[in-house]
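Me: Let's go through the aromatic rings and the nonpolar surface of this model. Short answers, please, with the reasoning shown.

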Amino acid sequence: MPNSMNPLQLIADRWQPSARFVQRAALACVVMAVVIVVTGGAVRLTQSGLGCPTWPTCTDESLTPTRAMGINGVIEFSNRMLTYVLCGVVGLAIIAARAREPRRRSLTRLGWAQFWIVMGNAVVGGITVLTGLNPYIVSSHFLLSTALLTVAVVMWQRTREGDAEPRDRVARPVRQLSWLLVVASAVLIVVGTVVTGAGKHAGDASKDVHRIPLNWRELTQLHVDFVFIVVGLTVALWFTLRAVKAAAAPSRRVTELFVVLMLQGVIGYVQYFTGQPELVVGAHMFGSCIVWIAVLRVFLSLRDRGELASVPAPAGEHDALQTASVPSR
């Protein structure tokens, strides 16, 4: 397709967003990725997972929930509608990244990656309903949302830095320690989804909803074990950064992660010892998103890609500035 017929090119020819606007659009994607996780959790915790018993319509006869379906149908359908809001936000980020000069293909690729993850997760969400909330499909639904959050955070970071080849700010062993922190945190999240899949919050009041046939208490203990591993790696990374006299930014990110982990740990213990009340479980899901964001920010702070390039001035304007800078005689 010629550039003149490309809708994104037509927008780019007429609109030049600021760097701040692109950054805010990318940040909005991060926020919406968290919102979609939390609202998805609300669907499960209010037992509204089958509020709309089929997909893509709400019932066989109606696109939207009927009065007879009550609040559960409204909650489930509202969560489905949030997917369109998410698509709109991601679309805005893609357009802003494409219209910004100089053009950065890495940003538009990250935007399109988010779009296709959203589309794929919508299909997985439909399969979740059609399989009667199969816990393995539900878990994959959450993990795809985490993948979306990952790409959104990376795009947000990339909007605030340049396109130079990544250069490590720390020695290779320190970088490897940060990789270990990311892997341990990812395993922590995966184990957490299995704990949820084996727990009592099936997502629907029906007793026929299948659960993962594993011991919930043993899984919870495994989850706690990985919490201690992640906390230990965080503390180790903080002391290591201090020892090698790393820049202030990475140490600050590690401190933020430690604080978030402590708060999430408190929520987790309250959840366990109070019998998993819905509100606390929802707060724990929100906390898991914040923990993952903090982990990614730590990891991304340990490499440098140079300063963000500014928009070059048009040739005529540049010449005018040069002329103005020459003193008259």
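Me: In which helix does Val 259 lie?

Reply: This is a predicted model. In it, Val 259 lies in helix H8.

Me: Is Val 259 buried, partly exposed or exposed?

Reply: The relative accessible area of Val 259 is 44%. Buried means under 20% and exposed means over 50%. Val 259 is therefore partly exposed.

Me: Which residues make the nonpolar surface patch?

Reply: The patch covers about 520 Å². Val 259 is one of its members. The full set is Val 235, Phe 239, Phe 258, Val 259, Met 262 and Leu 263.

Me: Which helix supplies the largest share of the nonpolar patch?

Reply: Helix H7 (216-243) and helix H8 (248-273) each give at least two residues to the patch. Four residues come from one helix, the largest share. That helix is H8.

Me: How many aromatic pairs are there?

Reply: Ring centres must lie within 6.5 Å to count as a pair. By this rule the count is eight.

Me: Is the pair of Trp 112 and Phe 115 stacked, tilted or edge-to-face?

Reply: The centres of Trp 112 and Phe 115 are 5.6 Å apart, and the planes stand at 85°. Planes over 60 degrees apart count as edge-to-face. So the pair of Trp 112 and Phe 115 is edge-to-face.

Me: Where do Trp 112 and Phe 115 lie?

Reply: Three residues separate them along the chain, about one turn of the helix. Trp 112 is partly exposed at 36% relative accessibility, and Phe 115 is partly exposed at 22%. Both lie in helix H4 (residues 105-130).

Me: What is the angle between the planes of Tyr 272 and Phe 273?

Reply: Tyr 272 and Phe 273 form an edge-to-face pair. Their centres are 5.1 Å apart. The angle between the planes is 90°.

Me: Is Phe 273 buried or exposed?

Reply: Its partner Tyr 272 is partly exposed, at 32%. Phe 273 has a relative accessible area of 63%. The cut-off for exposed is over 50%, so Phe 273 is exposed.

Me: Which residues do ring pairs link into a cluster with Tyr 272 and Phe 273?

Reply: The cluster holds Tyr 272 and Phe 273. Ring pairs link them with Trp 216 and Tyr 269.

Me: Which ring has the charged end of Arg 175 over it?

Reply: Elsewhere, Arg 160 lies over the face of Trp 156, at 4.2 Å from the ring centre. The charged end of Arg 175 is 4.3 Å from the centre of its ring. That ring belongs to Phe 299.

Terms used:
Residues are numbered from 1 along each chain as its sequence is written. This is a predicted model: local features need pLDDT of at least 70, side-chain atom pairs count only at pLDDT 80 or more; totals for chains, interfaces and linings use all residues. Side-chain values use heavy atoms; hydrogens and water are left out. Rings of Phe, Tyr and Trp (its six-membered ring) pair if their centres lie within 6.5 Å; planes under 30 degrees apart count as stacked, over 60 as edge-to-face and the rest as tilted. Buried means under 20% relative accessible area, exposed over 50%, partly exposed in between (1.4 Å probe, protein chains only). A charge sits over a ring if NZ of Lys or CZ of Arg is within 6 Å of the ring centre and within 35 degrees of the ring normal. Patches are made of residues with over 30% relative accessible area and no salt bridge: like charges are joined within 9 Å, nonpolar side chains (Val, Leu, Ile, Met, Phe, Trp, Tyr) within 5 Å. Accessible areas come from the Shrake-Rupley method with a 1.4 Å probe; for residues, only the protein chains shown count as cover. A salt bridge is a side-chain nitrogen of Lys or Arg within 4 Å of a carboxyl oxygen of Asp or Glu.
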